[in-house]
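I opened the notebook to look up a few things in this entry. The notes run from the whole chain down to single residues.

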Amino acid sequence: MTVLAAARPLDTLADFPAVPQGWAYLDTAATAQKPQPVIDAITRGYAQDYATVHRGVYARSADMTLAYEVARAKVARFIGGKPDECVFVRGATEAINLVATCWAGKTLKPGDRILLSMLEHHANIVPWQMVAERVGAAIDVVPLTADGRIDLDAAEAMLTPAHKLVALSHVSNVLGSVLDAHRAVKLAHAVGAKILLDGCQAVARLPVDVADLGCDFYVFSGHKLYGPTGIGVLWGRAELLDAMPPYQGGGAMIDRVTFAKTTYAKPPGRFEAGTPHIVGTLGLAAAIDYVEGIGLDRIHVHETALVAQTRAALGTLNSVRLFGPEDSAGIVSFAVEGVHPHDVGTILDEAKVAIRAGHHCAQPLMDALGVEATARASFGVYNGAQDVEALVRGIERVTRIFG
């Protein structure tokens, strides 16, 4: 039985009302479509069960508070952490900025160093540049291997005791390359550095266990995990979160307020000022239930088969250049010779194939690849072999138009 055959039972298209038959949605790395159970959870949260949390003594508020904290516990179990280590944020971008401000901004000193990689998303570059400029730290950049992976041999040679933080993508949003996270953690800890992993592209495709990985911070966004926008998670080691000052001031993050002095709540509440995205947490919990109901192992097999099919088909076209490793996780980036990726995307859209075209918030990586932009197809549980076939037909049309 082939890998593709093993993936065929994963047929979930009917669960996604926003993905009509005949439309190949291949932009899941940007944002995933939402299954009906997530839509139902959000609708129910607003239409039937809505009340604020941590505020009221009436029954519905108490019930919503319980549901909110049950969602936190579900997130914690999903990634192998503990509930008091999971902070609800707007998304991974806010999570990284929180760590940059409240940990790095208070910990790093002039002369300290931060290690990033060439393939990082802007959200895992710019916050570190901002804090480095503020405190007088420096940033080093790990190069990539020939097939587009973070070169951990190079990282090992670069790391010194001056490095206090390593921040790397668990899965590249452009190349789909998977980091050897266990080794990366060991390398960082060997020089006394803390390590943050950007798990946006990983949590919907691979089982994640932060306790097993041994990392210090892990971040992800709900909308790439088939959940709603505006909700994400920062996981951090309890002792690190406990030592960090608040990110924002306001309601809910306090212990006691006087005009003379304010004391703060323990984590995670310390970092959740104001009324949170209550219904977003319910949608995220429903998304986790949905993904776990399918099984991350099955999802990985399914997407691996689609990647293999795509790379094999596009690899037969002389005008197409493929980027990234053969075993990329759910993502295939490519360029068509002589055709701007935006033109590729426009022509594919006419054929009802939706891809991403541009620099993918990874301009340093584009510079390293020697291109202005790439076209990117990324897969989800709703995709099948027919979507790959539609993509390939569309690319063949692109080559005929521009040939």
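These are my notes on the predicted model.

**Whole chain**

I began with the secondary structure, which comes to 14 helices and 15 strands. Next I checked the overall size. For 403 residues, a compact globule would have a radius of gyration near 22 Å, and the protein has 22 Å, so the value agrees with the rule. I also noted the box that the C-alpha atoms fill along the principal axes, roughly 75 × 55 × 35 Å.

I then looked up burial and surface. Buried residues are 54% of the 403 residues. The accessible surface is about 16700 Å², and carbon and sulfur atoms account for 54% of that surface.

How many of the contacts between residues at least 6 apart in sequence join residues at least 24 apart? I have 69% written down for this.

For charges, I have 35 positive and 42 negative, with their mean positions 5 Å apart.

**Aromatic rings**

I looked up the aromatic pairs and found 9 in the structure. I took Trp 23 and Tyr 25 as one of them: their ring centres are 5.3 Å apart and their planes are at 45°, so I entered the pair as tilted. That label holds because 45° falls between the cut-offs of 30 degrees for stacked and 60 for edge-to-face.

Is each ring residue of this pair buried or partly exposed? Trp 23 has 24% relative accessibility and so counts as partly exposed. Tyr 25, at 6%, counts as buried. The cut-off I used for buried is under 20%.

I also traced a cluster that takes in both residues. Its members are Phe 16, Trp 23, Tyr 25, Tyr 226, Tyr 290 and Tyr 382.

**Backbone**

I searched for a cis peptide bond and noted one joining Pro 267 and Pro 268, with omega about 5°. Pro 268 sits in the loop that runs between strand S10 (262–264) and helix H10 (278–294).

I then looked for positive phi in residues other than glycine. Ala 252 is one such residue, with phi near 75°. Ala 252 lies in the loop between helix H9 (238–243) and strand S9 (254–257). Its relative accessibility is 34%, so I entered Ala 252 as partly exposed.

His 360 also went on the page, with a positive phi of about 60° although it is not a glycine. Where is His 360 found? I placed His 360 in the loop between strand S14 (356–358) and helix H13 (363–369). His 360 has 8% relative accessibility and therefore counts as buried.

**Glu 372**

The last residue I looked up was Glu 372, in the loop between H13 and strand S15 (374–378). Glu 372 is exposed because its relative accessible area is 64%, and the cut-off for exposed is over 50%.

Which residues does Glu 372 touch, leaving out those up to four places away in sequence? I listed His 340, His 359 and Met 366. For His 340 I also noted the spacing: it is 32 residues from Glu 372 in sequence, with the two C-alpha atoms 8.7 Å apart in space.

Notes
Residues are numbered from 1 along each chain as its sequence is written. This is a predicted model: local features need pLDDT of at least 70, side-chain atom pairs count only at pLDDT 80 or more; totals for chains, interfaces and linings use all residues. Side-chain values use heavy atoms; hydrogens and water are left out. Helices (H or I, at least four residues) and strands (E, at least two) are DSSP runs, numbered from the N terminus. Buried means under 20% relative accessible area, exposed over 50%, partly exposed in between (1.4 Å probe, protein chains only). Rings of Phe, Tyr and Trp (its six-membered ring) pair if their centres lie within 6.5 Å; planes under 30 degrees apart count as stacked, over 60 as edge-to-face and the rest as tilted. The radius of gyration is taken over C-alpha atoms; the globule rule is 2.2 Å times the number of residues to the power 0.38. Contact means heavy atoms within 4.5 Å. Accessible areas come from the Shrake-Rupley method with a 1.4 Å probe; for residues, only the protein chains shown count as cover. Lys and Arg count as positive and Asp and Glu as negative; His and the chain ends are not counted. The place of a charge is taken as NZ of Lys, CZ of Arg, CG of Asp or CD of Glu.
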